[in-house]
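Work through the exercises below with the sequence and the model side by side, and try each task before reading its solution.

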Amino acid sequence: MKTFVKTFAFLVMVIAGTWLVPQQASAQNGNVSLQVFYDELSPYGTWIEDQQYGYVWAPDVDEDFSPYVTNGHWVLSDYGWTWVSDFEWGWAPFHYGRWTFDENYGNVWIPDTVWGPAWVTWRQANGYYGWSPMGPGIDINMSFGNSYNVPYNRWVFVSNRDFMQNDLNNYCLDRSMNSRIYGSSFVIRNTRFDNNRHSTYVFGPRREDVQRYSGRSINEVHIRDYNKPGQNYERGNLSMYRP
């Protein structure tokens with residue numbers, strides 16, 4: 001009975017929270033069961049009741065973990081730059097919801113039902129690419145606005161020639177350099193519209209630019225729908241849970 005009450009409370013609070021989070025890709029709202037998130041992520045972290053956001057999830061990771069940096073890399077899909085995580089649970093928190101930082105628990109994930117290739121804001125400076133997870137309540141239009149400010153330590157920058165490295169975490173610049181690089185950077189506002197899902201996604205850096213900087217030819221990866229929670233990436237094919 002106690003477990004049922006906890007699960008029910010989680011669902012009520014998260015559902016209520018999704019009404020408060022504006023989403024440009026709102027057509028997908030409700031297509032993913034929030035119970036799936038609760039069940040599938042519980043073995044890999046802890047659900048915490050937060051006074052501001054309701055139930056949030058803290059992954060069991062090292063203290064130096066950083067979303068969209070640790071244990072993963074970028075691929076260019078037909079929706080834009082897409083984060084491919086090597087964590088077993090990566091199919092959910094990097095493609096749904098938002099991340100925020102909690103002083104007690106570190107990086108925590110706020111659930112939501114809208115899928116995206118990666119919910120991040122992109123910036124470009126002379127010789128560098130940078131990105132940061134979109135904060136709670138932030139949609140695409142808001143992330144492009146001049147009034148949206150993210151603390152310097154929430155950004156990660158890499159040399160533009162290293163952007164496509166598989167072990168990306170080893171190529172990130174020391175965050176003490178962020179304020180200097182950020183000051184000379186600008187927001188990348190490229191988007192892509194998906195006719196099938198009637199949704200708009202942040203695309204990120206232009207393929208032509210990344211090819212020139214990295215010296216590599218880049219082909220778009222097609223994302224196939226996975227029929228169960230999880231994802232699989234091999235031989236240039238990406239399957240991902242997207243009901």
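Strands are DSSP runs of E with at least two residues, and helices are runs of H or I with at least four, both numbered from the N terminus. The model is predicted, so that local features need pLDDT of at least 70 and side-chain atom pairs pLDDT 80 or more, while totals for chains, interfaces and linings use all residues. Residues are numbered from 1 along each chain as its sequence is written, and side-chain values use heavy atoms, without hydrogens and water.

**Exercise 1.** Place Ile48 in its surroundings.

Step one: Ile48 belongs to strand 1, residues 45-50. Step two: with a relative accessible area of 11%, Ile48 is buried (under 20%, where over 50% is exposed and in between partly exposed, with a 1.4 Å probe and protein chains only). Step three: beyond its neighbours within four places in sequence, Ile48 contacts Gly54, Tyr55, Val56, Ala58 and Tyr105, contact being heavy atoms within 4.5 Å. Step four: Tyr105 is 57 residues from Ile48 along the chain, and their C-alpha atoms are 9.2 Å apart.

**Exercise 2.** Which residues of the largest nonpolar core touch the most other members?

Step one: a nonpolar core joins buried Ala, Val, Leu, Ile, Met, Phe, Trp, Tyr and Cys residues through side-chain atoms within 4.5 Å. Step two: among the 63 residues of the largest core, those residues are Tyr68, Trp74, Trp81, Trp122, Trp131 and Phe163. Step three: helix 2 (residues 34-41) gives the most to this core, namely five residues. Step four: a second, separate core of five residues includes Ile48, Val56, Ala58 and Ile110.
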